[in-house]
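Student: I've got a protein model open and I'm not sure how to read it. Could we go through a few spots together?

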Amino acid sequence: MAEATATVESPAVPTVSIVRNLGVIAATAAIMVVTDYVVLHLLLLTMFWGPVILIGIPIALVALPIAIIGVSKHLTGGSHTMGAITVSIVLAVAGVYGYQSGALSLFGDINPTAHLLLCVLSAVTLGLFLGPWPLRGAGVAAAATLVALVLVLPTSGERAAVEHARAEAETQRQNAEARQQVTEHFLDQRAFPVLAESPGWRNPKIRATGWDAMTWMVNDVGAVATALVLAPVEESEDTTLCAYIGRPGDGAPADWCIRTGAVWTRADGTGVAYIDGGRAVAIKAADEFTVAQAGGSSSATAADIAALATSVRAMTDAEVETYILPVYDGVNTPVIDAPDL
């Protein structure tokens, strides 16, 4: 008797099952997108009516797994309850984290791409429970990708830090450009401080703003005078020079300010002003506050002012570069200590 030979074929991948399960995953993704959209709007409504978050959102989160179970039963005949509940929890946890951290927002607005990816990856994770093995592998990959996505998406705090750094860099750039412009203006106008060169005098403090400059001058016995420089100044403006050597209570300039040629002098000799090369120079005895500021002990005398008037000189470009330019900031330039001048 001839022996019967039986042929055993390898079981094929259940194509119909995969297609149906893919249908469940696709439907789950759609349901999750709708749920995500509803929850987002419910969160917006809580700004106007707080109880929404206590009523509407729990209902939406309970309806999500019920809808997934219903789709699964319809397409595959099985409810896959554990899978439906698990992926619903995954979506809820990722959504809460993304909402709280700002990872699902884009410059303060909803980031639709991130929300869509969140829903799709959560839905594909359902493949772990649906099978067969190709879909289980896809579920594992989707779960890993979802975790990576949540961790990689920048939070609102991180985006704010980046934006702050960008704004800070832009502010520094603009400040640098503005400082460069005012520095160039200062060098063009040449409103440089003047320095006392009379024997026994030094210039411990200077300041320059671009429009005016001040020098505190102290001699060996502690007498203090100041020299104010303004530039540019027209020769026709010399009638205003008395204002720069006046003191409170002086009254009308005609009573105390005397013109001799191109020079205006206080009647008591403690102040002198003139225009030289497009700049006004006003030298006067310091008041009590300025004496203390300069570290002196008394105001300069009329003889001191007369000697200074014929001996001061403008700072050189090299001196300006050494003492002023490193801290120059227009009207915000500080008083500069220069004990060696």
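Tutor: Sure, let's take some helices, salt bridges and buried residues one by one, keeping in mind that this is a predicted model.

Student: Let's begin with two helices. At what angle do H4 and H6 pack?

Tutor: H4 covers residues 112-124 and H6 covers residues 133-152. Their axes lie 7 Å apart, and H4 passes H6 in a left-handed crossing. The packing angle is about 145 degrees.

Student: Okay, and how many nonpolar, polar and charged residues are in the contact of H4 with H6?

Tutor: Look at who meets whom: on the H4 side there are Leu117, Leu118, Leu121, Ser122 and Val124. On the H6 side they meet Ala138, Gly139, Ala142, Thr145, Leu146 and Leu149. Sorted by class, that contact has 8 nonpolar, 3 polar and no charged residues.

Student: Now salt bridges. How many are there?

Tutor: To count one, you need a side-chain nitrogen of Lys or Arg within 4 Å of a carboxyl oxygen of Asp or Glu. By that rule the count comes to 10.

Student: Which residue forms a salt bridge with Glu163?

Tutor: Stay in helix H7, residues 156-189, and go 3 residues along from Glu163, about one turn of the helix. Glu163 itself is partly exposed, at 40% relative accessible area. The closest N and O atoms of the pair are 2.6 Å apart, and the partner is Arg166.

Student: Which residues are linked in a network of salt bridges?

Tutor: Start with Glu170 and Arg173, whose side chains meet at 2.4 Å, N to O. Both lie in H7, 3 residues apart. Glu170 is partly exposed at 34%, and Arg173 is partly exposed at 39%. Add one more member and you have the network: Glu170, Arg173 and Glu177.

Student: What about Arg266: is it buried or exposed?

Tutor: Arg266 sits in strand S8, and its salt-bridge pair links distant parts of the chain, with Asp250 in the loop between strands S6 and S7, 16 residues apart. The two side chains meet at 2.8 Å, N to O. Buried means under 20% relative accessible area. Arg266 has 7%, so Arg266 counts as buried.

Student: Let's switch to threonines. Which side chain does the side chain of Thr290 make a polar contact with?

Tutor: Thr290 is in helix H8, residues 288-294, and it is buried at 11% relative accessible area. Leaving aside neighbours within four places in sequence, Thr290 is in contact with Trp216, Val224 and Thr226. Its polar contact, at 2.7 Å, is with the side chain of Asp287.

Student: And why does Thr333 count as buried?

Tutor: Thr333 is in the loop between helix H10 and strand S13. Not counting residues up to four places away in sequence, it touches Arg207, Ala208, Val327 and Tyr328. The cut-off for buried is under 20%. Thr333 counts as buried because its relative accessible area is 1%.

Student: Last one: which backbone nitrogen does the side chain of Thr333 reach?

Tutor: This time the partner atom belongs to the backbone. The distance is 2.7 Å, and the nitrogen is that of Asp329.

Definitions and conventions. Residues numbered from 1 in each chain as written. Predicted model: local features only at pLDDT ≥ 70, side-chain atom pairs only at ≥ 80, totals over all residues. Heavy atoms only, no water. Helix = DSSP H or I, 4+ residues; strand = E, 2+ residues; numbered from the N terminus. Buried < 20%, exposed > 50% of the residue type's maximum accessible area, 1.4 Å probe, protein only. Polar contact = N/O pair within 3.5 Å; in protein donor to acceptor, adjacent residues only side chain to side chain. Contact = heavy atoms within 4.5 Å. Axes fitted to C-alpha atoms, helices over the stretch in contact; angles between N-to-C directions. Left-handed = near helix turned anticlockwise from the far one by under 90°. Nonpolar A, V, L, I, M, F, W, Y, C, P; charged D, E, K, R; others polar.
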